[in-house]
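Could you walk me through this model in my viewer, one selection at a time? I would like to know what to pick next and what I will find there.

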Amino acid sequence: QRPVSVVKELLENSLDADATQIDISCQKGGLESIIVTDDGTGIHPRDLPLACTRFATSKLVNVEDLKSIRTFGFRGEALASASMVARVAITSRVRPRPRRNTSTANNNATTTTSTNNGGESSNDDDIPHNNCAFKMQYKDGAHCSTSNPNGKARPHAGREGTVIQVQDLFYNIPSRRRALEGRKNEREEYERTLGVAQRYAIHEAKRGVGFLCRDKTKGKKIGNTADLNTQSLASIKKLQNERKRRRSVTKTAAPNNVMSEDEIQLSATKDVIGHVFGTAVSRELLPLKAGEGDVDAVSALALKAMLQDKNGSSSTATEASSLAESNELLAEMMMSGESSQNGPNTSSSATQQQSSTTSKFAFAYRATGLITNGSYTAPKASSAFILFINDRLVESSSLRRAVESIYSDTLPKGGKPFVYISLELPGPHIDVNVHPTKREVAFLHEDRLCDAVAAAVRECIGSATSSRTFEVKKSGALFTETKKPALAAAPAAAMMSKKSSTDLTTSSSLSSKVGTDIDDNEKEQAK
């Protein structure tokens, strides 16, 4: 429906492709051009002909991946939808893999018909796909025969990763394009795109993902200035280097950091919030961490119940092995949970007792985030409620009302806080298909979750010790601290000292005069 929807889908594809740097460029709000560049795993050249074909792409490597989907969907239909209303061009270069047996999941668009052993090419007759990039153009859900007459991607210059260009959006829907044209509408569409990029930049900062977003509309005075650039932050670069070190074949020694990994991630998130919303907000942030139950154990139980409902009595060997794997996974989760609480020497009876008490419908959640304290009122431009559920940007009016009701007791009337919360819930408890754009989700135990998150926010605010600051008004103007120039300060100080000395001289002369009058009165009384 909007250019921001295209940007959001492409951005999530880049995150699924294990990208650490994502660049977003728009022209005329995204109607003329949208370019999303990442340094992810890339798309194999054999998969490019079907990248924009409906029902032909998938983000899954094996069928068993359906049991635990941790990506932003698994069908990869965003490119097909975009090619129906725009002209799409994809330039991709596959990232070299450090190990032969490591599966390179093509999370941008991996075709289900030609994937073999995690996306590796079964024949070595073609050009080595790691030496150069390959480009292909699409229109109306299929590749263009004019640019690719033989139906194959042609070699092209490019770095590791994927570059997706979406041009002339809604060119075949004139009514929709006219509704979005105009300088004001184009600016609003770009602001929507920038808002989505900013929120994902805050959430993905703990993983070391840097974002860059800019409006390259022709005729702008500053066309190359980025409105969002977190790639240059030192904390983001530190986390990116750590990810690259873990991906490398030769494992180098980890640097001796004074800060722990959690502290580095928290610092990176604060830096990004300060970059986006201002340092005044980042200085007033409080870490939020809460949880209840075992999210992994409940997810395993729900998965086991789904398999039993689907397979019935589990007659075949494959079905039995699937159930056995689920039981083993559940036992490991229970053992790890008990060992962390009661020590390493834990009896199996306690594990079985916890397994019997845990249900597939049990309430479980984990919440982390950053919120402002109860004495800080964020400006209108810096107030925001950012909510992620299972790494997906969503909106929840009930959670927002529950959290803002806590701040209404401490903030002045009309004051709004800054809230960033990341929730992790059992996967089977969430339904992401209740909204066409997946902006809203439905989940179990909504009322209980709202009460638990509100209680965690109230405890976090109450435990913080901070002073309340006020701004004093006089004659309708605010007192602000102003620094005077050094040259002007010296004469002012001389005048003040001169005036004070004059006042002291006058007061001393008055006091001496009063003393003289008192002495004359005493002499007359004595006579």
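Start by selecting helix α1 (residues 3-16) and helix α4 (residues 183-203): in this predicted model, their crossing is right-handed. The two axes come within 9 Å and cross at roughly 25 degrees. An angle under 35 degrees counts as roughly parallel, and α1 and α4 are therefore roughly parallel to each other. Now show the side chains at the contact. From α1, pick Pro 3, Val 4, Val 7, Lys 8, Leu 11, Glu 12 and Leu 15; from α4, pick Glu 189, Arg 192, Thr 193, Val 196, Ala 197 and Tyr 200. Colour them by class and you should see eight nonpolar, one polar and four charged residues.

Next, move along to helix α5 (residues 234-247) and add α6 (261-277). How do these two pack? Their axes are 8 Å apart, at an angle of about 135 degrees. α5 and α6 are therefore oblique to each other, and α5 passes α6 in a left-handed crossing. To display the contact, select Ser 235, Ile 236, Lys 238, Leu 239 and Arg 246 on the α5 side, which meet Glu 261, Ile 264, Gln 265, Ser 267, Ala 268, Asp 271 and Val 272 on the α6 side. Here the classes come out as five nonpolar, three polar and four charged.

Keep Gln 265 selected, as it leads to the next stop: Gln 265 is one of the residues that lie nearest the centre of the second largest pocket. Add Lys 206, Lys 289, Thr 368 and Gly 369, which share that central position. This pocket has a volume of about 710 Å³, and 23 residues line it. Which elements should you switch on to see the walls? Those giving two or more residues to the lining are α6, β12 (285-292), β13 (365-372) and β16 (418-424). Coloured by class, the lining shows eight nonpolar, seven polar and eight charged residues.

Now look for enclosed space. The structure holds two cavities of 30 Å³ or more, and the stop here is the second largest, with about 60 Å³ of space. Select Phe 363, Ala 364, Leu 425, Pro 426, His 429, Phe 443, Leu 444, His 445 and Leu 449 to outline this cavity. What classes of residue make up the lining? Seven are nonpolar, two are polar and none is charged.

Leave Leu 449 on screen for the last stop. Leu 449 lines that cavity, and it also belongs to the contact between α11 and α12. Bring up helix α11 (residues 397-407) and helix α12 (residues 446-463), whose axes come within 9 Å and cross at roughly 30 degrees. That makes α11 roughly parallel to α12, and α11 passes α12 in a right-handed crossing. On α11, the contact residues to select are Ser 398, Leu 399, Ala 402, Val 403, Ile 406 and Tyr 407. On α12, they are Glu 446, Leu 449, Cys 450, Val 453, Ala 454, Val 457, Arg 458 and Ile 461. A final colouring by class gives eleven nonpolar, one polar and two charged residues.

Key:
Residues numbered from 1 in each chain as written. Predicted model: local features only at pLDDT ≥ 70, side-chain atom pairs only at ≥ 80, totals over all residues. Heavy atoms only, no water. Axes fitted to C-alpha atoms, helices over the stretch in contact; angles between N-to-C directions. Helix = DSSP H or I, 4+ residues; strand = E, 2+ residues; numbered from the N terminus. Parallel < 35°, antiparallel > 145°, perpendicular 65-115°, else oblique. Left-handed = near helix turned anticlockwise from the far one by under 90°. Contact = heavy atoms within 4.5 Å. Nonpolar A, V, L, I, M, F, W, Y, C, P; charged D, E, K, R; others polar. 1 Å grid on protein atoms, 1.4 Å probe; cavity = no way out; pocket = protein on both sides within 12 Å on 5 of 7 lines; lining within 4 Å. Points joined across faces, edges and corners; volume = space filled by probe spheres on them.
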